[in-house]
Amino acid sequence: MKKGFTRYHFLGILLSAFAVLIAVQMVRIQSSTHADYLDDWAKEYGYELRTIESERGYIYDRYGHLLAGNKEVYEIGIELQFVRNPAAISTTLSNVLGLDYKKVFNAANTEYVPGKQVYITLTDFVEANKIKELSELKTQYENNNPYGEDPELPSLRGLTWTAHLQRIYPEGNLAANILGFFTYYDRESGAGYFGVEEKYNTLLAGVKRNVMIPLDPYEMQEIPTAPAGASLVLTIDREIQRTVEEILDNAVKTNGAAGGTIIVMNPNNGEIMAMASNPRLDPNAYWENTTIFPAGVPYNKAVNQVYEPGSIFKILTMAAALDAGVVTPETPFTDTGQIEVGGWMIYNWDRGAWGSQNMIGCMQHSLNVCLSWVATQLGPTQFYDYLDRFGIGHRTNIDLAGEEVYPLSVPGDPMWYTVNLATNSFGQGVAVTPIQLLMAASAIANEGQMVAPHVLKSYIQDGQQFDTTPQVVGIPIKAETAKTLTDMLTISLEEEASDALVEGYRVAGKTGTAEIAVNGQYSSNKTNASFVGWGPVDDPQFIVYVWLEKPSTSIWGSIVAAPVFRDVVQEIVVLLNLPPDEIRMSMKEE
Amino acid sequence: MRLIQAFKLSPWRIHARTVGFFLLTLVVVLVVASVYLSISGLAANAGLDAYRLDLKRLDLEREIAHRKATLALITSAPAMEERALSMGFEKISPDDAIYITVPGYTGRRAMVVAPPPGINESGRQLVKSVYRESLWDWLFTGINSLGSGFLGDGS
């Protein structure tokens, strides 16, 4: 066998030397000055700082129609490092999006400074169809001029777009006074204003936080996510809301009113089925808010504005007197056309004397003198105690933002005088919001039980649907009193042949006309015309409140507000599948 | 006098055995390295997939939201009314309504899109535990399950 230095030895030494070199290189890399640089580089680029933000929750009507959702829009910007042809970018954006050529050109021509000047935002909230157009152009240019190498050919390299969500209200201004709006243009600190958007802002918004996401695939863990904000299902019925809004807008227009509101509620559980207010805003263009609602004009007249209700307040006075046993429907009263209370003379709305009446007649003819007498019979203590029980002077705590309340002056208050007992009895000298009076009236329609008005039926969070529970907030009167008063008001309307009557359905209700105080004096030609009514009287399924502010065709609630009530009821009985009384009774018997 | 075995492996046999041992060791090392390399590659791939899928998820969530909004626009009240009118439908008046009793029908039900509280899925882990446990976890879990199998749980 051959001894000495063989080719095997040579191969062995060579391979060993190679292995040693590898080891040396590994040590050198680990201990060289570049190692720190690489370490820093890994730390800088090894993680991505990402802002995770919940999608704002949806708002639905009671049957699942989307009233507020989110659509995809895009922010367009320029990554300066990759720009090849600023002129092409400027021309394209000018043609497709109508952006200012010079402004875009200057932005695209900005020098790229690593770490300092890398990206410029050009515009935001661009619709998806425009992005599709841009994308096609970019691809076409790229095919013709790969990497934008030919400066003579157009290239959109450097032009980028990033998707995000924008609040959208698909039904336009439908229920805008209930929904409120979200200031989506403010992407950093947008918030809900008015209505449920403000009231439930925290619930809808979900969470927003910054998280570090490792880019090293070995360190990749479960990436944190932000669950979507809670979605709300409202008690609103889209069809009823739309119908009521149409009727209100028409009524405001034909009666030359300054505005108005109509509320439709289920008196059994307090669910608001519709709440229309005029004027209204399209929340998609929320920035017109200050134009449509200048100072002094509330966003939602149903909850954000107090007013003197006038004669519809008489239902509370009569309810109190009946419940306290001070009067019965047959209690006689001789109306002389005037009564003195606290040194002041009180007159009827027509300054006339209506002679012999009973309590039904007093309500039918809406006699201020009679109701003042009733209040004096009741006495201030009982009268204001009942008003307190009806929630007058307190918020209803409806789940809409910015509910107003006007304090009720009671005996002992500096602003209370004896005459207030009389004026308050027919709804003057006292101010309420429509929702407040509607809640009070719901007690009469619901066997004495007053329910909390609300617009939230349920909410969906973490994959579960939570239903709200209707709440009885008080029982101001007995069930018998409620029934007696309902009968009295039904007879009043029928005997009066009121414009509020609806063929086939027995309804109860009361008109109201309240003079408006101008510079401390009541004006006889500026009034608030109102009507509150409910039906069917044997089993009320709806209670409707109508208020028209300063109507000019007629000042009287019986002329302008009562027909609006009738129009509303005629429509909603169909939408609620409520057959006429006769058919309903026969169906029950079957 | 000691007996000395008159046998000695020939040098080429010793070399062959040495080379054989070396190659065997090399193969074992290579197999182990390959397994680790493969697992590392799979893990890296899974990590990248997780990252990509997360981005995809965000895209899909936006797309779902957008489609919901688009659908709502198409089925909005004014759009539906316009469509109904163009198809010859008319708005019903109370006089035209015909009411019939449908046994068992309780009217339109309010929207229900999610289960009520009580069916709690919020604590459910997105990533199964089998993908989280280490080799030791897996080993001990296996041993424990074997142990409980032998001992029986008495149930």
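**Exercise 1.** Describe how chain A is divided into domains, and how these domains meet.

*Solution.* Chain A consists of domain 1 (55-146 + 159-220 + 227-234) and domain 2 (238-283 + 298-454 + 470-589), with bounds taken from an automatic or database domain assignment. This is a predicted model, in which local features need pLDDT of at least 70 and side-chain atom pairs count only at pLDDT 80 or more, while totals for chains, interfaces and linings use all residues. Residues are numbered from 1 along each chain as its sequence is written, and chains are lettered from A and ligands numbered from 1 in the order in which they are written. Taken over C-alpha atoms, the centres of domain 1 of chain A and domain 2 of chain A are 48 Å apart. The contact (C-beta atoms, placed from the backbone, within 7 Å) takes 19 residues from domain 1 of chain A and 16 residues from domain 2 of chain A.

**Exercise 2.** Examine the length and the burial of helix α20 of chain A.

*Solution.* Helices are DSSP runs of H or I with at least four residues, numbered from the N terminus. Helix α20 (residues 562-575) of chain A has 14 residues and spans 20 Å from its first C-alpha to its last, close to the expected 20 Å, which is 1.5 Å times one less than the number of residues. A residue is buried if 20 or more other C-beta atoms, placed from the backbone, lie within 10 Å of its own. In α20(A), 10 of its 14 residues are buried, among them F565(A), R566(A) and D567(A). After α20(A) comes N577(A), whose phi is positive, near 55 degrees.

Key:
Two residues are in contact if their C-beta atoms, placed from the backbone, lie within 7 Å. Helices (H or I, at least four residues) and strands (E, at least two) are DSSP runs, numbered from the N terminus. A residue is buried if 20 or more other C-beta atoms lie within 10 Å of its own, exposed if 12 or fewer, and partly exposed in between; C-beta atoms are placed from the backbone.
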